[in-house]
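Reader: Before accepting any label attached to a model, I would like to see how each one was reached. Could you take me through the reasoning, term by term?

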Amino acid sequence: MIGVMELDCLNIRQLEAFCAVVSAGSLTAAARQLGRSQPAMTRLIQDLEETVGFVLFHRNGPRIVLSEQGGIFHAEVDRFLSGCSLLIKRVNDIRNEIAAPFELSAIPAMANGVLPAALACLPADLLPAHVHLQSVPAAQVTLSVVARRAGLGITSFPVDHPEVDVLWIGEACCMVALQENDPLVNQEAISLRQFKDRDIVTIADRSRLRGRIDAAFMAENVRPRRIFESTASVTALSMANAGLGVAIVDPATASGMSIKGITVRPLAERIPFFFGVIKPGGHILSPGLAALSETLKTVATQRLSGFRLHGRASSEIIEEALCGYDPALRS
């Protein structure tokens, strides 16, 4: 019969030592990082392996390599220790009557422009002493909100999770970023047809914006010569600036990131970028986070050309956010 480990078997010092070894890459470096001796670190790791019942590291002389089970375990331990750290901070804040910090999770497109501008617009009495902004991919934003590690999430759509409340959805059209000496900069709007046999830079996530970009090219019967992909729009801008191609990026990045040598133009075709604000299901927002959600609407309206607000996540919006593209609709 396989034994079941109880919570009181876990030792925080062992878990901290384990994460330090993974981060530092060796027992010696981890011992130095935590101010312990190497034999003490070795003992902590051995005791932890005995407790969990599987090997955490494979040892090859002086080198240690994380085992497969150790890698899975590390992801869980990292989350656990992060939660412990936040809990300790909140206990101290509650004791000292300090307002709860803003725990925000946002996709890079929003974390790099719209969200900082919205935070800057909040009245000082609504801003807590601590604001933590996590910039991660869309799927991680949802997971952070579901796990309540984030009180507010700003993400791209579609989002259709039963443990998440959608506060609002915004829509704006994608933009083109190109070098300022490109002949296309002389046009007010650039058509996808003009990308035929050219190199383009775009987004890698096919389940979201990239899927709509691909659908738009297919609808116009256009095949670029070469495609460069990036998981972040800001990287796509840098790639375009390096001359690797013309970038098609979300409007938040296009309006919020100013890169010398890059010019931004609208697309003639409508490729919508859907984004919005989510919170943990059933959770009541603090006055500060509620104000931030509303301020985000205002900033998006001011900064994003053609911004449209959708008050709720209808089935039509979810469907279009997944794959919708209508060539009859022009920006």
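Author: Contact here means heavy atoms within 4.5 Å, and this is a predicted model. With that meaning of contact, what covers the buried residues of α2 includes α1 (12–24), α3 (38–52) and β2 (63–66).

Reader: Which residues of α2 are buried, and what follows that helix?

Author: In α2, which spans residues 27–34, Leu27, Ala29, Ala30 and Ala31 are buried. The helix is followed by Gly35, whose phi is positive, near 70 degrees.

Reader: Why is Cys84 called partly exposed, and why does Cys173 count as buried?

Author: Buried means under 20% relative accessible area and exposed means over 50%, with partly exposed in between. Cys84 has a relative accessibility of 24% and therefore counts as partly exposed, while Cys173 has a relative accessible area of 19% and is therefore buried.

Reader: What makes the sulfur of Cys173 unable to count as bonded to the one in Cys174?

Author: A disulfide requires two cysteine sulfur atoms within 2.5 Å. The closest cysteine sulfur to that of Cys173 is in Cys174, at 7.4 Å, which is too far for a bond. The structure as a whole holds 0 disulfides.

Reader: What lines the largest pocket, and which residues lie nearest its centre?

Author: Its lining is made of 21 residues, of which Ala100, Pro101, Phe102, Glu103 and Leu289 lie nearest the centre. Two or more lining residues come from each of α4 (68–95), β3 (102–106) and α11 (287–303), and α11 gives the largest share, 3 residues. The lining of the largest pocket divides into 12 nonpolar, 4 polar and 5 charged residues, and the volume of this pocket is about 490 Å³.

Definitions and conventions:
Residues numbered from 1 in each chain as written. Predicted model: local features only at pLDDT ≥ 70, side-chain atom pairs only at ≥ 80, totals over all residues. Heavy atoms only, no water. Buried < 20%, exposed > 50% of the residue type's maximum accessible area, 1.4 Å probe, protein only. Helix = DSSP H or I, 4+ residues; strand = E, 2+ residues; numbered from the N terminus. 1 Å grid on protein atoms, 1.4 Å probe; cavity = no way out; pocket = protein on both sides within 12 Å on 5 of 7 lines; lining within 4 Å. Points joined across faces, edges and corners; volume = space filled by probe spheres on them. Nonpolar A, V, L, I, M, F, W, Y, C, P; charged D, E, K, R; others polar.
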